[in-house]
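Here is a short briefing for a reader new to this structure. Take a look at the model before reading on.

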Amino acid sequence: LYVLDRSKLGRMQLGNGQVIQSFQATAPGSPGIWKLAYRSDPQGAVLYVWAGTDYLKAYRFTSSGMFNTTPFAQSPMIAYGHGGALSVSSNGSNSGTGILWSSAARGNVEVGRGVLRAFDASNVATELWNSGQNSTRDSVGNHAKFSIPTIANGKVYLATFSMQLLVYRLLKAAAGV
């Protein structure tokens, strides 16, 4: 992973002077990083990385202007293929409201069954929900490669290769529950 000096972009720099930090953010042998997400929370900035054949990882930006190169949180799941497409939602920067969304294929396939997942943004080891928990109601169908979950007005939108645009929202609680 390379962190660049935004004031030095646009030209070739002798000795890569525009690179202010670089580190191995993925497992050796991972096919690379295609998807990232960023969030600023009360504890500081966080970069989420889910590369192919690797775990979902969260890196904290430090006060020195660099990323801590050891993830502060990591999921117990390994991504197939190109990893998960990531988006973050929250109630502003309020602590405890961040959700990291990921859409991915269920196997190492170009087109196949997909899954939408919600992780606690402050600890990605905690999966809050996924579309396979009640597949009759929530199934993604065929995953659209590189389809990024889009969040607006309390809903999550996801395009699929099943000729659908899916819309997810909180369910109303049953009476007396």
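The points below cover the pocket, the aromatic pairs and one charge over a ring.

This is a predicted model. Its largest pocket holds about 590 Å³ of space. Trp101 is among the residues nearest the centre of that pocket, and Trp101 also belongs to an aromatic cluster.

**The largest pocket**
- The lining of the largest pocket consists of 21 residues.
- Nearest the centre lie Trp101, Val156, Tyr168, Arg169 and Leu170.
- Four elements each supply at least two lining residues: β8 (99-105), α1 (135-138), β12 (155-159) and β13 (165-168).
- β13 gives the most, with 3 residues.
- Sorted by class, the lining has 11 nonpolar, 6 polar and 4 charged residues.

**Aromatic pairs**
- The count of aromatic pairs comes to 5.
- Trp101 and Trp129 form an edge-to-face pair. Their rings are 6.4 Å apart, centre to centre, with 65° between the planes. The label edge-to-face applies because planes over 60 degrees apart count as such.
- Trp101 lies in strand β8 and Trp129 in strand β10 (residues 123-130), so this pair ties together parts that are 28 residues apart in sequence.
- Trp101, Trp129 and Tyr168 form one aromatic cluster.

**Burial of the two tryptophans**
- Trp101 counts as buried, at 11% relative accessibility.
- Trp129 has a relative accessible area of 19%. Trp129 is therefore buried too, as the cut-off is under 20%.

**A charge over a ring**
- Arg60 lies over the face of Phe72. The distance to the ring centre is 4.4 Å.

Key. Residues are numbered from 1 along each chain as its sequence is written. This is a predicted model: local features need pLDDT of at least 70, side-chain atom pairs count only at pLDDT 80 or more; totals for chains, interfaces and linings use all residues. Side-chain values use heavy atoms; hydrogens and water are left out. On a 1 Å grid over the protein atoms alone, a cavity is a set of points where a 1.4 Å probe fits but cannot get out, and a pocket is an open set with protein on both sides within 12 Å along at least five of seven lines; lining residues have an atom within 4 Å of a point. Grid points are joined across faces, edges and corners, and a volume is the space filled by probe spheres set on the points. Ala, Val, Leu, Ile, Met, Phe, Trp, Tyr, Cys and Pro count as nonpolar, Asp, Glu, Lys and Arg as charged, and the others, Gly among them, as polar. Rings of Phe, Tyr and Trp (its six-membered ring) pair if their centres lie within 6.5 Å; planes under 30 degrees apart count as stacked, over 60 as edge-to-face and the rest as tilted. Buried means under 20% relative accessible area, exposed over 50%, partly exposed in between (1.4 Å probe, protein chains only). A charge sits over a ring if NZ of Lys or CZ of Arg is within 6 Å of the ring centre and within 35 degrees of the ring normal.
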